[in-house]
Amino acid sequence: MARKNPNIVITGTPGVGKTTHAEELARNLGLKHLSVNQVVKDEGFHEGKDEETGSWIVDEDKLLDYLEATDLNSNGGYILDWHACDLFPERWIDLVIVLRCDSTILYDRLSSRGYKGKKLDENMDSEIMQVLLDEARESYKEEIVVELRSDRAEDMEGNVERVEQWAEAWKKDNAGYVEG
Ligand code: ADP
């Protein structure tokens with residue numbers, strides 16, 4: 001294992017604050033923010049949109065090939081921001097952050113984003129049923145999965161600080177594993 005920088009997944013229901021956290025962390029830690037949804041869109045790794053939910057029907061093989069061709073596994077230093085996390089091979093990932101949000105707050109955030117009807121209901125159910133947290137716990141070792149609240153600005157500040165401390169410790173712990 002020769003990665004010099006950690007890879008972090010930030011996941012959670014739409015609207016919980018993944019992009020906001022990922023951008024702030026990428027800036028502060030000098031990591032690369034990779035918005036998986038953006039890659040799917042830009043590179044056309046999809047078969048159109050699901051009519052009812054409005055989300056992309058993702059071609060996971062193409063997406064994985066694309067990620068495999070980056071220096072994600074060799075060098076690391078990525079923040080992968082996506083509403084799913086079970087796709088990434090365990091060997092790539094050092095920390096999985098599952099952001100959680102109070103339902104009233106999330107309802108307001110999604111409504112102001114224009115979500116309504118089935119799309120709004122499904123995402124609200126998903127948050128209440130902690131679908132992404134369960135998915136993360138099923139896909140990765142328990143000790144690398146952390147659940148963090150993202151209701152208020154103060155939550156985000158605390159979360160960012162905590163992850164920065166974690167990244168520093170990771171670098172220290174992994175400093176000895178140099179190639180050769
Ligand atoms: P996601 O990427 O998970 O869909 P975003 O980062 O786009 O979520 O955040 C959705 C909205 O909620 C944005 O307007 C953002 O400013 C706001 N938001 C996210 N997290 C927080 C937080 N902890 N406190 C206050 N507002 C937040």
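Biologist: In this predicted model, which helices each supply at least two residues of the shell around the ligand?

Modeller: They are helix 1 (18–29) and helix 7 (153–174). The largest share, three residues, comes from helix 1.

Biologist: What makes a residue part of that shell, and how many residues surround the ligand?

Modeller: A residue counts as near the ligand if one of its heavy atoms lies within 4 Å of it. On that basis 15 residues surround the ligand, and the closest are Gly15, Lys18, Thr19, Thr20 and Arg113. By class, the shell has four nonpolar, six polar and five charged residues.

Biologist: Why is the approach of Val16 to the ligand called a polar contact?

Modeller: A polar contact is a pair of N or O atoms within 3.5 Å. A backbone N or O atom of Val16 lies 3.4 Å from an oxygen atom of the ligand, so the pair meets the cut-off. Gly15 likewise has a polar backbone atom 2.8 Å from a ligand oxygen, and a backbone N or O atom of Arg152 lies 2.8 Å from a nitrogen atom of the ligand. The ligand taken alone exposes 560 Å², of which the protein buries 70%.

Biologist: Why is the pair of Phe45 and Tyr66 called edge-to-face?

Modeller: The structure holds two aromatic pairs. In the pair of Phe45 and Tyr66, the centres are 5.6 Å apart and the planes stand at 65°. Centres within 6.5 Å make a pair and planes over 60 degrees apart count as edge-to-face, so both conditions are met.

Biologist: What parts does this pair tie together?

Modeller: Phe45 lies in the loop between helix 2 (36–43) and strand 3 (46–49), and Tyr66 in helix 3 (residues 60–68), so the pair ties together parts that are 21 residues apart in sequence.

Key
Residues are numbered from 1 along each chain as its sequence is written. This is a predicted model: local features need pLDDT of at least 70, side-chain atom pairs count only at pLDDT 80 or more; totals for chains, interfaces and linings use all residues. Side-chain values use heavy atoms; hydrogens and water are left out. A polar contact is a pair of N or O atoms within 3.5 Å; within protein, one must be able to donate a hydrogen and the other to accept it, and residues adjacent in sequence count only if both atoms are side-chain atoms. Accessible areas come from the Shrake-Rupley method with a 1.4 Å probe; for residues, only the protein chains shown count as cover. Helices (H or I, at least four residues) and strands (E, at least two) are DSSP runs, numbered from the N terminus. Ala, Val, Leu, Ile, Met, Phe, Trp, Tyr, Cys and Pro count as nonpolar, Asp, Glu, Lys and Arg as charged, and the others, Gly among them, as polar. Rings of Phe, Tyr and Trp (its six-membered ring) pair if their centres lie within 6.5 Å; planes under 30 degrees apart count as stacked, over 60 as edge-to-face and the rest as tilted.
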